[in-house]
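Trainee: I would like to understand how terms for strands, cores and cysteines are applied to a model. May we go through them together?

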Amino acid sequence: MMTQDMQGMNMAVRGGLNGQAPRCDHLDMVPAAEPGLPECEKCLASGLSWERLLVCLTCGWVACSDDSSGGHAQEHYRETDHPVVSALEPETAWRWCYVHGRTV
């Protein structure tokens, strides 16, 4: 089975167990980064508000989600190639891989 990454390039996908999504190898590459302040610095500088905040699991950068007007978390990915973000709220286990374009 094949899928496409965010740039439209074909890439192989390994099937998961019991119908689960394939494992994201990018999770193995992220260190345990401490999140920054609970704010999107770029939104604050531009006078924008945000819907949700995400934290980059590679470096701890906190930025607004794609459903916010700034979309600064995705901008951070495009600038740094840091692939995985998580919801900033500690009780949420949600993570997103920008390379695969899916939750992981």
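Trainee: Where does Cys 56 stand in relation to S5?

Mentor: Cys 56 of strand S3 (residues 53-56) stands opposite Val 85 in S5. Strands are DSSP runs of E with at least two residues and helices are runs of H or I with at least four, both numbered from the N terminus. The model is predicted, so local features need pLDDT of at least 70 and side-chain atom pairs pLDDT 80 or more, while totals for chains, interfaces and linings use all residues. Residues are numbered from 1 along each chain as its sequence is written, and side-chain values use heavy atoms, without hydrogens and water.

Trainee: What makes S3 and S5 a pair?

Mentor: Two strands pair if DSSP finds at least two bridges between them. S3 and S5 (residues 84-87) have 3 bridges, in the antiparallel sense, and therefore satisfy that definition. S3 also pairs with S4 (residues 62-64) over 3 bridges, again antiparallel, and there Leu 53 has Cys 64 as its bridge partner. S3 and S4 form a hairpin with 5 residues between them, and Gly 60 in the turn has a positive phi of about 90°.

Trainee: What makes S4 and S7 edge strands?

Mentor: The open sheet has 5 strands in the order S4-S3-S5-S6-S7, with antiparallel pairing. S4 and S7 (102-103) each pair on one side only.

Trainee: Which way do the residues of S3 point?

Mentor: Leu 53 and Val 55 point one way, and Leu 54 and Cys 56 the other. In a regular strand the side chains alternate between the two faces of the sheet.

Trainee: Why is Cys 64 called buried?

Mentor: Buried means under 20% relative accessible area, exposed over 50%, and partly exposed in between, with a 1.4 Å probe and protein chains only. Cys 64 has 0%, so Cys 64 is buried. Cys 40, at 1%, therefore counts as buried too.

Trainee: How do you know that Cys 40 is not bonded to Cys 43?

Mentor: A disulfide is a pair of cysteine sulfur atoms within 2.5 Å. The sulfur of Cys 40 is 3.6 Å from the closest cysteine sulfur, that of Cys 43, so the two are too far apart for a bond. For Cys 64 the closest cysteine sulfur is again in Cys 43, at 3.6 Å, and therefore too far as well. The structure holds 0 disulfides.

Trainee: Which residues touch the most other members of the largest nonpolar core?

Mentor: Among its 20 residues they are Cys 40, Val 84 and Tyr 98. S3, S4, helix H2 (72-80) and S5 give two or more residues each. Such a core is a set of buried Ala, Val, Leu, Ile, Met, Phe, Trp, Tyr and Cys residues joined through side-chain atoms within 4.5 Å.
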